[in-house]
Amino acid sequence: MKKILLSLVQITVTVAVLIWVFHDPNKRAQMGIALRAADYRWVGFAVLAYGMVEAAAAVRWQILLKVQGIHLSVPRMTGLFLIGMFYNQFLPGGTGGDIMKTYLLLKETPKKMGGLLAVMFDRVIGLVALISITGTLIALRYDWLSQRPETKRLLWILLAVLGSSVLGLLTSFVISGFNLVHRLPVRFPGREKLIELSAAYHLYAKHWPGTLFAFGASLVAHLSTFATFLCVAYAFRARVPVIDFFAVMPIERTISALPISFAGVGLREKIFQIMLHGLCGVPEAVAVLIGSMSFLVILACCVPGGFVYFFYKPSGQIGHVKLHEMQREVATLEHEISEKE
């Protein structure tokens with residue numbers, strides 16, 4: 001029931017923000033002019049840039065699996081990765097792809113714990129890389145980002161979310177480093193996840209060269225995502241300096257990833273409208289188009305994962321399983337594994 005209510009709220013917010021962003025007929029007319037005048041060769045470069053995102057993320061995924069001693073064939077590993085990419089974009093919440101990927105991976109390997117840890121640490125190391133990039137960009141461009149009241153508000157939202165993420169990571173590091181996880185009460189919220197994180201930290205710290213390489217792949221993936229949006233901006237002839245555009249991107253990436261609207265639709269456009277128009281002088285209509293077109297590029301690049309899933313059959317399984325059944329089975333395995341630890 002909670003998931004249904006959350007989905008309804010997300011849909012309502014998405015529709016409301018889209019109406020807010022696109023209701024002005026003058027702005028829509030300007031969008032039409034911008035679309036006709038666009039240099040679509042840059043959209044092609046955007047597709048290539050997002051291909052680099054997928055390639056870097058796939059390399060990271062392969063490294064993390066190898067550290068766990070999980071060796072899948074290249075077609076199987078690639079298929080799981082593409083399915084995860086597809087459902088992360090097309091399911092509400094941004095983590096549906098992880099559930100799909102975890103479930104299918106656990107069907108492919110007897111190393112259940114290793115599969116869970118690889119998927120979890122894939123998220124963690126991506127978050128650490130994003131925090132590193134964001135901290136660097138904010139340090140370089142804080143005064144510029146906070147020069148207007150509306151952009152400063154968005155910056156502070158980013159800092160609040162970023163601070164919460166850093167606090168959560170530091171807490172999990174401390175609990176893991178001092179081996180406190182098993183002293184937590186059985187009903188402590190998130191205890192099972194902390195047990196998994198603790199095991200992941202110890203293993204990936206032990207295999208630090210591979211972990212460092214995976215971190216580097218995460219940096220490449222995030223920066224390539226930024227480049228994807230920048231290429232779309234250039235397609236609409238918004239000549240924003242690279243450092244300025246990249247400084248805006250963590251704000252958009254972080255806020256649009258919050259479970260407020262469906263896949264960040266509407267929020268993304270509004271954030272670009274505020275940031276690019278307010279700080280870079282990009283016309284509001286063009287700023288909105290940058291957000292929408294970039295999202296369409298990402299969706300187009302993730303669509304192959306849907307076709308892969310249609311034909312993908314886990315070992316020993318006939319037909320497909322519903323998402324809620326996957327969630328239940330993954331949760332059961334997590335509980336069983338945490339009880340053994």
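**A walk through a helical protein model**

Good morning. Let me begin with one contact: a polar atom in the side chain of S172 lies 2.7 Å from the backbone oxygen of L169. The model in which we see this contact is a predicted one. S172 belongs to helix α7, which covers residues 149-177. Is S172 buried or exposed? The relative accessible area of S172 is 4%, and the residue therefore counts as buried, the cut-off being under 20%.

Let me now turn to the whole protein. There are 13 helices and 0 strands. Following the sequence from one end to the other, one reads the pattern α-α-α-α-α-α-α-α-α-α-α-α-α. The protein has 341 residues, and 50% of them count as buried.

Next, please look at helix α2, residues 25-37. This helix has 13 residues, and the distance from its first C-alpha to its last is 19 Å, close to the 18 Å expected at 1.5 Å a residue. Which residues of α2 are buried? They are K27, M31, G32 and A34. When we look down the axis of α2, these buried residues fall within an arc of 165 degrees, so they line one face of the helix. On the other side of α2 we find P25, N26, I33 and R36, which are exposed.

The N-terminal end of α2 also deserves a moment. Which residue caps this end? The cap is D24, with a side-chain oxygen that lies 3.0 Å from the backbone nitrogen of N26.

I should like to continue with helix α4, residues 74-90. Helix α4 has 17 residues and reaches 24 Å from its first C-alpha to its last, close to the 24 Å expected at 1.5 Å a residue. The buried residues in α4 include M77, G79, L80 and F81. Further along the helix, I83, G84, M85, F86 and Y87 are buried as well.

Finally, let us move to the surface. I11, V15 and I19 make a nonpolar patch of about 270 Å² there. Of these residues, let us follow I19, which is found in helix α1, residues 2-22. Why does I19 count as exposed? The relative accessible area of I19 is 53%, and exposed means over 50%, so I19 meets the cut-off.

To close, I would ask you to keep two residues in mind: S172 in α7, which is buried, and I19 in α1, which is exposed. Thank you for your attention.

Technical notes: Residues are numbered from 1 along each chain as its sequence is written. This is a predicted model: local features need pLDDT of at least 70, side-chain atom pairs count only at pLDDT 80 or more; totals for chains, interfaces and linings use all residues. Side-chain values use heavy atoms; hydrogens and water are left out. Helices (H or I, at least four residues) and strands (E, at least two) are DSSP runs, numbered from the N terminus. The expected span of a helix is 1.5 Å times one less than its number of residues. Buried means under 20% relative accessible area, exposed over 50%, partly exposed in between (1.4 Å probe, protein chains only). The arc is that of the directions from the helix axis to the C-beta atoms. A polar contact is a pair of N or O atoms within 3.5 Å; within protein, one must be able to donate a hydrogen and the other to accept it, and residues adjacent in sequence count only if both atoms are side-chain atoms. Patches are made of residues with over 30% relative accessible area and no salt bridge: like charges are joined within 9 Å, nonpolar side chains (Val, Leu, Ile, Met, Phe, Trp, Tyr) within 5 Å. Accessible areas come from the Shrake-Rupley method with a 1.4 Å probe; for residues, only the protein chains shown count as cover. A salt bridge is a side-chain nitrogen of Lys or Arg within 4 Å of a carboxyl oxygen of Asp or Glu.
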